[in-house]
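This report looks at a ligand and its surroundings, then at an internal cavity and one helix. Please keep the coordinates open while reading.

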Amino acid sequence: MAEPDQPSTARMIDFWLGGEHHFPVDVAAARAFEEAYGPCAVVFRSLREFLGRAVRSIADAGVDSFLVFGAGVPTRGNVHEAAPEATVLYTDVDPVTIRLGQRILAGSDRAGYGFGDATDIGTIDPAQLHRFVPGWGGRPVGVVFLGLAAFLDDETLSRTLDELYEAVAPGSFLAVDFAGEELAAYPRALALMGPAFRMRPPAAFGPLLGRWEPTADGVGPVAGWRPDGEPAAVPDPFYGAVATKPSA
Ligand SMILES: C[S@@+](CC[C@H](N)C(=O)[O-])C[C@H]1O[C@@H](n2cnc3c(N)ncnc32)[C@H](O)[C@@H]1O
């Protein structure tokens with residue numbers, strides 16, 4: 001595949017997770033970020049483990065299809081690996097990451113990858129949506145919205161989450177995360193995240209979920225969300241939750 005000119009946070013995460021789907025430009029950006037912040041592998045491992053626990057909790061509640069926004073690279077414990085019985089549609093807006101994802105999933109009849117702007121679900125190809133998320137709007141689904149809220153302003157995020165709530169069937173779930181304020185102590189690292197990046201105080205997270213109801217676990221640091229055993233003692237820049245659209 002041709003080398004992209006710009007790094008992608010998703011492919012930087014793949015590098016930190018020890019994956020194979022990134023380019024020299026992503027590695028250079030990941031190294032520059034680590035110089036400004038510190039080691040990142042431990043942070044993104046913890047975030048990916050949260051994804052796994054959140055997705056499995058949704059699958060255990062009986063959900064068998066997932067729609068993933070800002071999906072990044074579909075490996076290293078991503079959704080179809082955490083819930084192998086489910087069908088999964090991964091979406092993103094970055095053409096290079098989409099092509100990588102399509103290549104990784106080629107031949108899979110349970111998981112696909114296509115374009116999807118989370119802020120406008122009408123941009124998803126309806127044929128792909130109905131193939132991998134059958135009964136969309138009529139059957140409960142899992143919506144995975146991780147690594148994305150931090151790049152959307154409050155108004156766009158609230159509207160987007162509300163549109164998703166309206167679109168899904170009762171009994172559906174949302175897995176979501178937010179960036180806390182840890183990077184405020186690392187101004188050089190914060191600048192590398194670009195102007196769209198939003199840190200938020202934890203008190204801001206709940207109201208942004210709107211009608212989505214967090215499970216009794218609430219919104220908290222991802223390492224502490226239903227940990228397998230003692231939560232890992234890692235820096236916790238991310239807060240996460242699983243929320244529901246209750247059954248009528
Ligand atoms: C920090 S990465 C997270 C990747 C993945 N969710 C993970 O946790 O490894 C953010 C991803 O969101 C994508 N993205 C940014 N804006 C988006 C939008 N409006 N709709 C969908 N994806 C978007 C980027 O292209 C990038 O792949």
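## Surroundings of the ligand

How many residues surround the ligand, and which are the closest? In this predicted model, 17 residues surround the ligand, and the closest of them are Arg-48, Gly-70, Asp-92, Ala-118 and Leu-146. Divided by character, the shell around the ligand holds eight nonpolar, five polar and four charged residues. Helix H1 supplies the largest share of this shell, with three residues.

## Polar contacts and burial

Two of the closest residues, Gly-70 and Asp-92, also take part in polar contacts with the ligand. At Gly-70 the partner is a polar backbone atom, which lies 2.7 Å from a nitrogen atom of the ligand, whereas at Asp-92 an N or O atom of the side chain lies 2.6 Å from an oxygen atom of the ligand. Asp-117 likewise contributes through its side chain, where an N or O atom is 3.0 Å from a nitrogen atom of the ligand. Taken alone, the ligand exposes 600 Å², and the protein buries 86% of that area.

## The cavity

The structure holds one cavity of 30 Å³ or more, and the volume of the largest cavity is about 40 Å³. Its lining is made up of Ala-10, Ile-13, Asp-14, Leu-17, Arg-48, Val-73, Thr-75 and Arg-76, which divide into four nonpolar, one polar and three charged residues.

Helix H1, spanning residues 9-16, gives the most to this lining, with three residues, and H1 also gives the largest share of the shell around the ligand. Arg-48 is found in the lining of the largest cavity and is among the residues closest to the ligand.

## Helix H3

Does the length of helix H3 agree or disagree with what its residue count predicts? Helix H3 covers residues 41-60, and because each residue is taken to add 1.5 Å, its 20 residues should span 28 Å; the end C-alpha atoms are 28 Å apart, which agrees with that expectation. After H3 comes Gly-62, which has a positive phi, near 105 degrees.

Note on methods
Residues numbered from 1 in each chain as written. Predicted model: local features only at pLDDT ≥ 70, side-chain atom pairs only at ≥ 80, totals over all residues. Heavy atoms only, no water. Helix = DSSP H or I, 4+ residues; strand = E, 2+ residues; numbered from the N terminus. Expected span 1.5 Å × (residues − 1). 1 Å grid on protein atoms, 1.4 Å probe; cavity = no way out; pocket = protein on both sides within 12 Å on 5 of 7 lines; lining within 4 Å. Points joined across faces, edges and corners; volume = space filled by probe spheres on them. Nonpolar A, V, L, I, M, F, W, Y, C, P; charged D, E, K, R; others polar. Near = heavy atom within 4 Å. Polar contact = N/O pair within 3.5 Å; in protein donor to acceptor, adjacent residues only side chain to side chain. Areas by Shrake-Rupley, 256 points an atom, 1.4 Å probe, with all protein chains shown as cover.
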